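Student: Could you take me through one part of this structure up close? I'm new to it, so please start from one spot and then show me what lies around it.

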Amino acid sequence: MDEEVISKYLKAGDIAWRVKQFLYSYIKPGMKLLELANTTENMIRELGGEPAFPINISINSIAAHKTPLLDEVDSAITEDDVVKIDIGVHVDGYIADTAITLCYNDKLNNLVEASKEALEKSLKVINEGVRFSAVGKVIEETAKKYGFKPIRNLGGHSLDRYVIHAGDVIPNYGDVMQLGKFRRGMAYAIEPFISTGNGYVVEGSEVSIYALSKTKFKGLTTQEAHVVNYILSRFKTLPFCERWFSELGFSLNNLRILLNSLKLKNMLREYPVLIESLPKAYISQFEETVLITSKEVIITTNPTF
Ligand code: MN
Ligand code: MN
């Protein structure tokens, strides 16, 4: 991994860190989700990065893959909510992936503490040659210590240029079948999700996040090809959302018709919202990005480690 690549990973991580610090003081109950999303993503751009995926604002039993839709004008954070904010920043395709949980329900402070502690303890064991399952074991043991469950079908992952899930899976439980090991010259996102419920998420019906599923196409209308070319030039194969098309000037209705017809032509991959399989359960999540260079292990998204 050359110095230029490392410096881009570090810059993305630094932007993500500064955005997180801002969010801790900025987010309050009553805040509208659309305002929160637009403010956060604009801050990423102003600091010299690009969002690597739409901000995920996942409340209570929702684990991930929820970003505000353009017509969700009334959705807001309420008193008692457990709010996961997951942001991605990339600099020239090199990604920082990081998440925090904000809790406005005092009865759930332990749940938040559990995922925070699980992440802190996992980061301490990571080094070249350490098995992924060692991280999973720490996460599972920490969740159990607090009386909760880790979410078994979500996990950390390796990162690559313009690729968020680059192949390796770092389990959130002590998976003895997982033989993979951390390697030098790689970046990884570690993300314990901890739940008061079953520790298992299912797909909901709502979709607010998409990605291009192929980069070559034929049989598209002029407008569809225009949208696909816009996606390719702006987001490549990274995830995107309907909020990111404002400069094309489509009405929301026309934009949704176009995205739907691209979906029917197998041009788009959808990311359905992920929800705890136990209704009314609560989930917390923290995430940091780790870079293993030939010299050291760097937590790119948090200089306090
Ligand atoms: Mn993330
Ligand atoms: Mn991630």
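**A helix, its surroundings and a metal pair**

Tutor: Let's start at K236, which comes just after helix α5 and has a positive phi of about 50°. Helices (DSSP H or I runs, at least four residues) and strands (E runs, at least two) are numbered from the N terminus. Before going on, keep in mind that this is a predicted model: local features need pLDDT of at least 70, side-chain atom pairs count only at pLDDT 80 or more, and totals for chains, interfaces and linings use all residues. Residues are numbered from 1 along each chain as its sequence is written, chains are lettered from A and ligands numbered from 1 in the order in which they are written, and side-chain values use heavy atoms, with hydrogens and water left out.

Back to α5 itself. It covers residues 222-234, 13 in number, and its first and last C-alpha atoms are 18 Å apart, close to the 18 Å expected. That expectation is 1.5 Å times one less than the number of residues. Its buried residues are E224, A225, V227, V228, Y230 and I231, where buried means under 20% relative accessible area, exposed over 50% and partly exposed in between (1.4 Å probe, protein chains only). As for the pattern, an α-helix has 3.6 residues a turn, so residues three or four places apart point the same way. Among the elements that cover those buried residues are β10 (201-212) and α6 (252-264); contact here means heavy atoms within 4.5 Å.

Now follow β10 into its sheet. β10 and β11 pair in the antiparallel sense over eight bridges, and pairing needs at least two bridges found by DSSP. One of the links joins V201 to its bridge partner E276 in β11. The sheet is open and has three strands in the order β2-β11-β10, paired antiparallel. β2 and β10 are the edge strands with a single partner each, so one side of each has no neighbour in the sheet. On average, neighbouring strands here are turned by 35° against each other, direction ignored, with axes fitted as lines to C-alpha atoms (for helices over the stretch in contact) and angles running from 0 to 180 degrees between N-to-C directions.

K236 has some company when it comes to phi. Most residues other than glycine have a negative phi, and most peptide bonds are trans. N266 is not a glycine, yet its phi is positive, about 60°. N266 sits in the loop between α6 and β11 (268-276), and it is exposed, with 52% relative accessibility. H65, not a glycine either, has a positive phi of about 65°. You'll find H65 in the loop between β2 (62-64) and β3 (82-91), partly exposed at 23% relative accessible area.

What about the inside? A nonpolar core is a set of buried Ala, Val, Leu, Ile, Met, Phe, Trp, Tyr and Cys residues joined through side-chain atoms within 4.5 Å. In the largest one, with 50 residues, L36, I57, I85, F182 and I190 touch the most other members. Leaving out residues up to four places away in sequence, L36 touches L23, Y26, I27, M31, I57, I77 and I85. V227 from our helix belongs to a second, separate core of 21 residues, which also includes F240, C241 and M267.

Finally, have a look at the metals. The manganese ion (ligand 2) is held by D97 (OD), H157 (NE2), E191 (OE) and E287 (OE) at 2.1 to 2.2 Å. Donors are N, O and S atoms within 2.8 Å of the metal (3.2 Å for Na, K and Ca), and sites may look incomplete because water is not among the atoms. The manganese ion (ligand 1) lies 3.2 Å from the manganese ion (ligand 2), and D97 coordinates both. Distant parts of the chain are linked here: H157 is in strand β6 (residues 155-159), and E287, 130 residues apart from it, is in the loop between β12 (283-285) and β13 (288-292). H157 is buried at 1% relative accessible area, and E287 is buried at 0%.

The protein donors of the manganese ion (ligand 1) are two D86 (OD) entries, D97 (OD) and E287 (OE), at 2.1 to 2.3 Å. With D97 in strand β4 (residues 94-103) and E287 in that β12-β13 loop, the pair ties together parts 190 residues apart in sequence. D97 is buried too, just as E287 is.
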